[in-house]
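Open the model in your viewer and keep the selection panel at hand. The stops below go from the whole chain down to single residues.

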Amino acid sequence: MNLFDAEKFFKKYHGLEFHMTREDEKLYDEFKKMDIPKELIDQWKNDIAYNQKQDSLKRSVKHLYVHVPFCNSICYYCDFCHVIYNEKLVNQWLDQLSKEAYDNCLNQYETIYIGGGTPSCLDYKQLRRLLNIILPYSNNVKEYTIEINPESITLDKIKLFKEYGINRISIGVQSSNDELLKSLNRKHNYEDVVKAVRLLKENDLNNISVDLMYSLPSQTIDILNQTIDDILLLDVPHISLYSLTIEENTVFGKRNVQPLDEQIEADMYELIENKLTKNNYIHYEVSNYCKKGYESKHNLGYWNYDDFLGISIGASSKIGNNRYTNTSSINKYLSGDDIKDEDLKFTNEELMFENIMMSLRTIYGLNIEEFNNRYNVDFIKRYKDALNSEYLKIVNNHLICTNLEILNNILLDFMI
Ligand code: SF4
């Protein structure tokens with residue numbers, strides 16, 4: 001036994017020797033004979049205490065995110081963590097995910113979100129296995145979302161989702177213009193979207209969210225206008241809208257595609273805002289609109305700065321003062337060894353600023369009482385200068401930003 005194995009052995013059994021397997025009982029004799037310096041043992045004990053504290057925090061986490069990294073093809077604007085679908089690789093990934101979930105999911109979650117990538121590109125059997133992995137943690141789930149692409153959804157998969165309690169579907173639509181979809185390398189056309197929504201509704205999955213994009217190369221105001229009209233006809237309760245950012249490592253970035261003129265982007269934003277609010281959608285967060293009562297509960301958790309657990313490749317977790325991010329390398333993830341790429345510890349000051357930044361994104365704002373309890377501070381006293389902004393108001397003990405377009409400027413005053 002070398003020192004590395006000794007550390008693993010010590011951490012596995014410290015205080016729990018009576019749980020040892022027969023094989024490990026033999027190793028224990030070897031371990032006892034090793035002359036391990038006291039400082040090292042103390043360090044290991046500290047590590048154990050730290051992990052126990054993190055586990056106890058994990059037991060109170062309410063939100064679970066599961067990243068499915070596979071896609072059938074790569075969209076030209078996308079820099080998410082994704083891997084081209086391969087049956088064997090998906091099966092190996094499911095093996096590793098099952099171990100990660102077993103070690104880290106320590107609670108029954110209120111919201112679960114299976115995102116990607118493209119979860120619906122998994123075949124029926126793989127999807128069933130994925131949902132079985134998550135099943136033990138979904139007894140009390142209130143909102144259970146899965147992301148799908150319109151071309152890879154079938155009646156069988158929809159029935160499977162319902163069987164496992166999934167009650168919200170998020171569809172990657174982006175546009176209703178088929179030419180524009182092709183230019184993004186999307187594999188669906190708008191007819192696929194209409195069929196997918198119809199199929200979902202026929203099967204009583206009505207809590208549907210649609211993702212759209214604007215400020216796309218070759219997208220005009222007229223094209224966007226038509227897309228919004230088409231989406232309004234679908235009558236879905238939630239719409240997310242994202243403006244294109246061209247990242248270097250995407251196909252668009254490599255082809256040096258240029259963003260649209262800022263003025264056109266601003267006109268597009270205004271068009272979206274006018275049309276959706278006139279049609280009774282509430283602009284409840286910077287990029288999200290919904291019909292009354294259809295906010296994304298999972299995302300509200302992020303904006304409320306609740307702790308969350310993320311599992312699988314590239315997923316992040318926020319537990320107490322720590323932010324963990326898993327490796328985005330499929331090979332490293334499948335090896336199962338040290339799958340964390342990042343383990344950052346934040347000070348309370350940093351957490352407080354991020355909390356404000358996240359919570360002001362929604363029209364419900366920041367819960368001042370909760371903030372004071374979380375960080376043991378007096379919010380009003382601490383930020384009294386920043387609170388002078390004419391674009392901030394306090395309603396029922398919640399701080400609300402009245403002009404989300406200039407939120408970034410407002411936040412600067414909270415950086416103290
Ligand atoms: S946008 Fe979605 S479907 Fe397209 S490559 Fe990215 S994760 Fe995959």
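The tour covers the domains, then one helix, then a pair of strands.

This is a predicted model. Begin by colouring the protein chain by domain: domain 1 spans 3-58, domain 2 spans 63-302 and domain 3 spans 364-416. With domain 2 and domain 3 both selected, compare their centres, which lie 31 Å apart when taken over C-alpha atoms.

Next, select helix H6, residues 155-163, and show side chains. Lys157, Ile158 and Phe161 are the buried residues here. Turn the view until you look down the axis of H6: the buried residues fall within an arc of 100°, so they line one face of the helix. Now look at the other side of H6, where Leu155, Asp156, Lys159 and Glu163 are exposed.

What do the buried residues of H6 pack against? Add helix H5 (124-134), strand S5 (143-148) and helix H8 (190-202) to the selection; these are the packing partners. Before leaving the helix, step to glycine 165, just after H6, and check its backbone: phi is positive, at about 85°.

Move on to strand S11, residues 308-311. Phe308 and Gly310 lie on one side, Leu309 and Ile311 on the other, and all four are buried, so that both faces of the strand are covered. In a regular strand, side chains alternate between the two faces of the sheet.

Finally, add strand S1, residues 63-68. S1 and S11 run parallel and are joined by 4 bridges. To see the two strands side by side, label histidine 63 and phenylalanine 308 of S11, which stand opposite each other.

Terms used
Residues are numbered from 1 along each chain as its sequence is written. This is a predicted model: local features need pLDDT of at least 70, side-chain atom pairs count only at pLDDT 80 or more; totals for chains, interfaces and linings use all residues. A residue is buried if 20 or more other C-beta atoms lie within 10 Å of its own, exposed if 12 or fewer, and partly exposed in between; C-beta atoms are placed from the backbone. The arc is that of the directions from the helix axis to the C-beta atoms. Two residues are in contact if their C-beta atoms, placed from the backbone, lie within 7 Å. Two strands pair if DSSP finds at least two bridges between them. Domain bounds come from an automatic or database domain assignment.
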